[in-house]
Amino acid sequence: QVQLVESGGGLVQTGGSLKLSCVASGRTFSSGSMGWFRQAPGKEREFIGGIRWPLTIYYADSVKGRFTISRDDAKNTVYLQMNSLKPEDTAVYYCATARSFSFSRAQYDNWGQGTQVTVSS
């Protein structure tokens, strides 16, 4: 089973940027899908973007135009570049994998530990 480790979270001011990384070990990203989710305090974990292997990338409307997903296959890493951050982007961010693409977190069966992103106003 693949192990996922997120990193890159932190504290940033409104309008700032952060780049999150999700490194997979144990198995390469080569099929199925990989999703980025976030969960704010008191809220449901929500899909914000993901890759349906090999090439199709999806974004939630709330982050479209501000967030960008990319990948480095040589490093077995998927990135989430977050620009123009807003206080409402504050959450714990997770990467996850699934056998087939879905916008639903229920379909993702392998999760990282999460990384905190805090955007100050």
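This is a short walk through a predicted model, from its disulfide to a strand called E9 and on to a pocket.

Let's start with the sulfur atoms. A search of the whole structure turns up one disulfide. The cysteines involved are Cys-22 and Cys-95, whose sulfur atoms sit 2.1 Å apart. That spacing falls within the 2.5 Å used as the cut-off, so the pair counts as a disulfide. Along the chain, the two partners are 73 residues apart, and the bond links distant parts of it: Cys-22 belongs to strand E3 (residues 18-25), while Cys-95 belongs to strand E9 (residues 91-98). If you look along the S-S bond of Cys-22 and Cys-95, the torsion is about 70 degrees, so this disulfide is right-handed. You will also find that both Cys-22 and Cys-95 are buried.

Cys-95 brings us to its strand, E9, which is worth a closer look. How much of E9 is covered? Mostly it is: of its eight residues, seven are buried. Here the word buried stands for a relative accessible area under 20%.

Now follow the strands that pair with E9. Strand E4 (residues 33-39) runs antiparallel to E9, and seven bridges join the two. To find this pairing on your screen, pick Arg-38 and look for Tyr-93, its bridge partner in E9. Strand E11 (residues 115-120) also pairs with E9 in the antiparallel sense, here over three bridges. A handy marker for this pairing is Val-92, which stands opposite Gln-116 in E11. Strand E10 (residues 110-111) pairs with E9 too, again antiparallel, with two bridges between them. In that case, select Ala-96 and you can trace its bridge partner in E10, Trp-111.

With the strands in place, we can turn to the empty space. Rolling a probe the size of a water molecule over the atoms reveals where such space is left. The largest pocket holds about 200 Å³. Which residues lie nearest the centre of the largest pocket? They are Val-2, Arg-27, Thr-97, Ala-98 and Arg-99, out of 16 residues that line it. E9 comes up again here: E4 and E9 are the elements that give two or more residues to the lining of this pocket. As for chemical character, the lining of the largest pocket is made up of eight polar residues, five nonpolar ones and three charged ones.

To retrace the route, E9 carries Cys-95 of the disulfide, is joined to E4 by seven bridges, and contributes to the lining of the largest pocket.

Conventions:
Residues are numbered from 1 along each chain as its sequence is written. This is a predicted model: local features need pLDDT of at least 70, side-chain atom pairs count only at pLDDT 80 or more; totals for chains, interfaces and linings use all residues. Side-chain values use heavy atoms; hydrogens and water are left out. Helices (H or I, at least four residues) and strands (E, at least two) are DSSP runs, numbered from the N terminus. Buried means under 20% relative accessible area, exposed over 50%, partly exposed in between (1.4 Å probe, protein chains only). Two strands pair if DSSP finds at least two bridges between them. On a 1 Å grid over the protein atoms alone, a cavity is a set of points where a 1.4 Å probe fits but cannot get out, and a pocket is an open set with protein on both sides within 12 Å along at least five of seven lines; lining residues have an atom within 4 Å of a point. Grid points are joined across faces, edges and corners, and a volume is the space filled by probe spheres set on the points. Ala, Val, Leu, Ile, Met, Phe, Trp, Tyr, Cys and Pro count as nonpolar, Asp, Glu, Lys and Arg as charged, and the others, Gly among them, as polar.
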